[in-house]
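Colleague: I should like to go through this model with you before I return to the bench. Could you take my questions one at a time?

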2 protein chains.
Amino acid sequence: MKAHDLYADLHSLSRHAQLLSGVAALLDWDQATYMPPAGDDIRSEQLKELAALVHQRKTGAPFTKALGQLIDIESGTLLVEGLTPAQAAAVKLWRRDYLQDVALPPAFVEEFAQTTALGHNIWRKAKEGNAFGDFAPLLEKIVSLCRRKADYIGYDEHPYDALLDLFEPGISTRAVGELFTELKGGVTSLVSSLMAAPQVDDRFLSGNFSADNQLTFSWKLLEDMGFNRSSGRLDLSAHPFSSSAHPSDNRITTRIHPTSVASNIFTVLHEGGHALYEMALPADEYGSPLGQALSHGIHESQSRWWETRIGKSLPFWRHYYPILQGHFPEALGNVPLESFYRAINKVQPSLIRVEADDVTYSLHVILRFELERALIEGSLAIVDLPEAWRAKMVELLGIEPSTDREGCLQDVHWSMGAFGYFPSYALGNLYGGQLFAAFEKLHPNWGERVAVGELGFIRLWLNENVHRHGRRYTTAELLEKVSGEPFNATPYLSFLKDKYSAIYR
Amino acid sequence: MKAHDLYADLHSLSRHAQLLSGVAALLDWDQATYMPPAGDDIRSEQLKELAALVHQRKTGAPFTKALGQLIDIESGTLLVEGLTPAQAAAVKLWRRDYLQDVALPPAFVEEFAQTTALGHNIWRKAKEGNAFGDFAPLLEKIVSLCRRKADYIGYDEHPYDALLDLFEPGISTRAVGELFTELKGGVTSLVSSLMAAPQVDDRFLSGNFSADNQLTFSWKLLEDMGFNRSSGRLDLSAHPFSSSAHPSDNRITTRIHPTSVASNIFTVLHEGGHALYEMALPADEYGSPLGQALSHGIHESQSRWWETRIGKSLPFWRHYYPILQGHFPEALGNVPLESFYRAINKVQPSLIRVEADDVTYSLHVILRFELERALIEGSLAIVDLPEAWRAKMVELLGIEPSTDREGCLQDVHWSMGAFGYFPSYALGNLYGGQLFAAFEKLHPNWGERVAVGELGFIRLWLNENVHRHGRRYTTAELLEKVSGEPFNATPYLSFLKDKYSAIYR
């Protein structure tokens, strides 16, 4: 067989695995949105079943054989000629994924899937009841499963490297630690100086904001962004998320507080940013690494782009604020644009990550990274987690939660076994900062265009520079290709400093 | 291994297959309720994938081996001792299902699943555009697939026997034909005499009926019936249906016309009746024939029971009519109970099956049965179907549709490849008639209890006499066990005659 046919075979096998991953994504979405509550147990069995099947398809004899005809699995040397550079990159990525997958025994994959599918509910109840003790045994099990996962996959320096690599390929725990030290320094000194300035009034963001009108406004934003309604949905869930089964089937969720206007808006922009990425992945590459998002951090660069770089900018609200006022004339009719803009950008150390302002947000992520690393390496025991959380909050943000519900029980991620995920949130801001600087160079007048309601050119730039490549380039390559510079934190830190110094004068 | 262990092994393997069937049911539900429209193609691939996996699990070497240790697959002789009578019955049913499944080549199963998953959309568009020509090529293909299915499975007398047996085990095309001849005779003579009597006024059933209030009333009905909200949902879809992944996860849908009050009520009672059956199947028998509904006809006996025997009875409305009037005081406040009762029971030959009254309903089913039988045996060509439909309508109901949308394009079933399904609708009425006669013997005062809002005792009777048995008995056995008589159409025909003669005086 020729290279082309061998490649097509591999792609087809991989596509069959991804079909089932898409089904699992739908089951997760359904569980968070519409599933009747009693369905939890059978759903966890279904997810376990699918996880086993996906794993089997990605590691079974047919896939192993097809992959081994294109690349030497041991050494990583390509065995055929005639692949395009993109195809060659894809084959290497398939091998990378394969080595990670095949390292995990099938029984482990099933146990992991079922434990974490049940975990969501246990965590939710423990959080509702503020009962860390009810969550601790499960967390103990999940940390141990994650540690075993790291051992199966292998690592050079730190077990957390193996987990991190699942979400953010190519970056080490040490490198993240160094970056985060830089970020922590920049952010904490900025926060100190902002806290010393006169504070921002944001009381008018609370009031009466009918859920129906909030939803109407959400759809206006999504449609203007280019969210394709025929291939996407917006629903409600307790914890907003985005999910994709294919470029033609994308689901995002928000939550609406009828007493508060900001949370839903920025959630919709955030999740909408994720969806635009998935919607723009090349459908004919579905099932291949060229049809997949690059990393969780790059995904987060897209969501944060729309949420913060565009959605919390003054030009954006020059266009949208009158529309928003039209929906809520009583609450916002007498509030000037400038006051609204300052309010949505108010900086204030707070307890809950998902409600944090854009400046202190990274500190929440750094806290979780440091605790995760300690849990995985075994230097922090589960029983000591609540206290360690409180201590870190004081260290990083100068405040302390009075309950675990507002402390170490606040996030869903650990119940899902997603150790290694949190760094992507902060990395996404850094990646986005560097990408935005490049975008701004090409479109120095972006603010003027956004101020008259033009958003399409932004999406097109992202389609062209990020989305369409799938995993063709590594994160480092993509950043360098787009910005002409190696990955660095400077653009993001400069942006934060410039923007917030101006707001706080 | 002992019989008990061998049985447990087989049950476990079967359970794994059913888990995936439940996933497919969820995908179908999602496609009809929430899936973005562009998701059709990838959904059809997912369904094809799952159909192949389910088929593989039900026919693969592990299942074949486990089954073959309990029963001689060739002869049907049990090979072990020590099974309970229920287990022995289950093993025989597993063999029955196995022989049907293994007769179908895997490629055929996949082609069938994908064609019918795509078929829904093609049918929907053709119906919208009243363009039979756009549906005809697909229907041609589906009829040919169904005919091939019949050939694979095998039959004694008529290829339709094989298809019928998938929905209604143990009854032949010939037997259905004979029953339907009896039913046709009884119903058409009843319709003639009713049409000669003074007609019923039902104009007040059309008007202003807010969708919100209709939905509130729907939930009141469902909760009173005993529909468990923690293990069931009610949603909206263009074509109402019920779907179950497990006793703990059941989905039903309705459609609400804000200009008409009756359709939603009887849809909810109907689909609710299906759901009560699935909710009451023994969860510890999940994956075994003892945890599955007996047949489509028995399922339909449950839905029609709640829709027509209870929901269209006078005692029911003695309790619920004042509540309904409370929701719609303007439209119904001045309409007396007796008039409402007569209106919802109005008999009038009409074009659309799902809107037909309870008397003419069976004629719609008989029409489809006769056309299906002709299509499958090849005595009717697809191209002649629209004309054959019109002719049969005139023959059976004395009216003729002016469009195919109201004619041979009206039902979804053929696009789903569900040839053999329609008879279950009429059989369900007959089964229900016989079961109800037995229920009435035990509860001669049922009307008095229903008139004060008691419904629980009905559900408990159905749980006890029908639901909990799963497929333990054949339909014939169950009917005889419950009623003390062999299956016959007399109770249903007597009920129709007595009820409608009284209404039409």
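The conversation below covers confidence, the interface, salt bridges, one serine and the cysteines.

Colleague: What kind of model is this, and what are the ipTM and pTM?

Modeller: This is a predicted model. The ipTM is 0.94 and the pTM is 0.95. For chain A, the average pLDDT is 96, and 100% of the residues score at least 70.

Colleague: Let us turn to the interface. How many residues of chain B are in contact with chain A?

Modeller: On the chain B side there are 36 residues, and they are in contact with 36 residues of chain A. The area buried between the two chains is about 2,900 Å². Carbon and sulfur atoms give 62% of that area.

Colleague: Which residues of chain B lose the most area to chain A?

Modeller: Those are Y34(B), I42(B) and E49(B), which together make up 20% of what the chain B side buries.

Colleague: How many salt bridges and polar pairs are found across that interface?

Modeller: The rule finds eight salt bridges between chain B and chain A. It also finds 13 residue pairs in polar contact across the interface.

Colleague: Which elements of chain B each supply at least two residues to the side that touches chain A?

Modeller: Two helices do so, α1 (3-33) and α2 (40-59), along with the strands β1 (232-236), β2 (242-246) and β3 (249-254). Of these, α1(B) gives the most, with 10 residues.

Colleague: E49(B) was mentioned a moment ago. With which residue does E49(B) form a salt bridge?

Modeller: Its partner is R57(A), and the closest N and O atoms are 2.3 Å apart. The pair crosses between chains, running from helix α2 of chain B to helix α2 (residues 40-59) of chain A.

Colleague: Are those two residues buried or exposed?

Modeller: E49(B) has 5% relative accessibility, so it counts as buried. R57(A) is at 22% and therefore counts as partly exposed.

Colleague: Which other charged residues take part between the chains?

Modeller: R15(B) and E45(A) meet through their side chains in a salt bridge, at 2.5 Å from N to O. In addition, a network of salt bridges links D30(A) and R43(A) with D249(B) and R251(B).

Colleague: And how many salt bridges are there over all chains?

Modeller: A search of the whole structure finds 68. One within chain B joins the side chains of D411(B) and R368(B), at 2.4 Å from N to O.

Colleague: Where do D411(B) and R368(B) lie in the chain?

Modeller: D411(B) is in the loop between α16 (385-397) and α17 (422-442), whereas R368(B) is in helix α15 (residues 361-377). They are 43 residues apart, so the pair links distant parts of chain B. Both D411(B) and R368(B) are buried.

Colleague: What about E464(B) and R468(B): how far is N from O in their salt bridge?

Modeller: The distance is 3.1 Å. E464(B) counts as partly exposed, at 43% relative accessibility, and R468(B) also counts as partly exposed, at 45%.

Colleague: A change of topic: where is S237(A)?

Modeller: S237(A) sits in the loop between β1 (232-236) and β2 (242-246) of chain A. Its relative accessible area is 9%, so S237(A) is buried.

Colleague: What does the side chain of S237(A) reach?

Modeller: It reaches the backbone oxygen of H239(A) at 2.9 Å. It also makes a polar contact with the side chain of T253(A), at 2.8 Å. Leaving aside residues up to four places away in sequence, S237(A) touches A32(A), T33(A), T253(A), T254(A) and R255(A).

Colleague: Lastly, the cysteines. How many disulfides are found over all chains?

Modeller: The search finds zero. In chain A, C146(A) is in no disulfide, and the nearest cysteine sulfur, that of C408(A), is 16 Å away. C146(A) has 1% relative accessibility and so counts as buried.

Colleague: Why is C408(B) without a bond to C146(B)?

Modeller: The sulfur of C146(B) is the closest cysteine sulfur to that of C408(B), but it is 16 Å away, which is too far for a bond. The cut-off for a disulfide is 2.5 Å between the sulfur atoms. C408(B) counts as buried, at 3% relative accessibility.

Methods: Residues are numbered from 1 along each chain as its sequence is written. Chains are lettered from A and ligands numbered from 1 in the order in which they are written. This is a predicted model: local features need pLDDT of at least 70, side-chain atom pairs count only at pLDDT 80 or more; totals for chains, interfaces and linings use all residues. Side-chain values use heavy atoms; hydrogens and water are left out. Buried means under 20% relative accessible area, exposed over 50%, partly exposed in between (1.4 Å probe, protein chains only). Helices (H or I, at least four residues) and strands (E, at least two) are DSSP runs, numbered from the N terminus. A polar contact is a pair of N or O atoms within 3.5 Å; within protein, one must be able to donate a hydrogen and the other to accept it, and residues adjacent in sequence count only if both atoms are side-chain atoms. Contact means heavy atoms within 4.5 Å. pLDDT is the predictor's confidence in each residue, from 0 to 100. Buried area is the accessible area (1.4 Å probe) that two parts lose on being put together, summed over both. A salt bridge is a side-chain nitrogen of Lys or Arg within 4 Å of a carboxyl oxygen of Asp or Glu.
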